[in-house]
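Please examine the fold displayed below and follow its parts in turn. The explanation begins with a pair of helices, then turns to a loop residue, and ends with the sheet.

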Amino acid sequence: MAKKIGGYIRLQIPAGQANPSPPVGPALGQQGVNIMEFCKAFNADTQSLEGGMPIPVVITVYADKTFSFITKTPPASFFIKKAAKLPKGSTAPGREVAGSITMAQVRDIAEQKMVDLNANDLDQASKMIAGSARSMGIEVKG
């Protein structure tokens, strides 16, 4: 028989750097989950990824205080900033251009994000990524 689900916790944690300090500790502690067990499992699962890459994770907490988790791909903004070689987007998007990326880079990001995007094909996914870039004040060329 399937376990009864007690709730879901959505967090964004740097790859390989989960520790009991906020936001991880308090979020898991409220649900009664073993914090260190989650930190070890998450760090082992994400150690092959680039250090410090923000990883969205959905933790399913069951009624018996056990858990399972699913990691997603990093946010599109992370990939866009990395492609444009910028620390952050524009402070005034629409009026001020912070940098630029090529359509080939947009397509590459869309391929990486395709699993988590609500798009049927790569062209639509590319349009979503290009829109995210424009909303960050980053120009899409080509």
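In this predicted model, the axes of helices α3 and α4 come within 10 Å and cross at roughly 150°. Because of that angle, α3 is roughly antiparallel to α4; the cut-off for this description is an angle over 145 degrees. In general, two packed helices are described by the angle between their axes and the distance between the axes. The crossing of α3 and α4 also has a hand, and here it is right-handed.

Which residues bring the two helices into contact? On the side of α3 they are Ala76, Phe79, Ile80 and Ala83, and these meet Gln105, Ile109, Gln112 and Lys113 in α4. Helix α4 itself covers residues 103-113, while α3 covers residues 76-84.

The loop between β3 and α3 contains Thr73. Is this residue buried or exposed? Thr73 has a relative accessibility of 19%, and it therefore counts as buried, since the limit for a buried residue is under 20%. Leaving aside residues up to four places away in sequence, Thr73 touches Pro56, Gln112, Lys113 and Asp116. Two of these neighbours also take part in polar contacts: the side chain of Thr73 is joined to the side chain of Lys113 at 3.1 Å, and to that of Asp116 at 2.6 Å. Gln112 and Lys113, which Thr73 touches, are also among the residues of α4 that meet α3.

On the other side of this loop lies β3, which belongs to an open sheet of 3 strands. The strands follow the order β1-β2-β3, and their pairing is antiparallel. Strands β1 (5-14) and β3 (67-71) each have a single partner strand and stand at the edges, so one side of each is left without a neighbour in the sheet. From one strand to the next, the twist averages 20°. How many bridges join β2 to β3? There are 5, and the two strands run antiparallel. Within this part of the sheet, Val57 stands opposite Thr71 in β3.

Two further helices accompany the sheet. Helix α1, formed by residues 24-31, packs on the sheet and touches β1 and β2. The direction of α1 makes about 175° with that of β1. Helix α2, formed by residues 35-46, lies across β1, β2 and β3. With respect to β3, helix α2 runs at about 30°.

Technical notes:
Residues numbered from 1 in each chain as written. Predicted model: local features only at pLDDT ≥ 70, side-chain atom pairs only at ≥ 80, totals over all residues. Heavy atoms only, no water. Pairing = 2+ DSSP bridges. Helix = DSSP H or I, 4+ residues; strand = E, 2+ residues; numbered from the N terminus. Axes fitted to C-alpha atoms, helices over the stretch in contact; angles between N-to-C directions. Contact = heavy atoms within 4.5 Å. Buried < 20%, exposed > 50% of the residue type's maximum accessible area, 1.4 Å probe, protein only. Polar contact = N/O pair within 3.5 Å; in protein donor to acceptor, adjacent residues only side chain to side chain. Parallel < 35°, antiparallel > 145°, perpendicular 65-115°, else oblique. Left-handed = near helix turned anticlockwise from the far one by under 90°.
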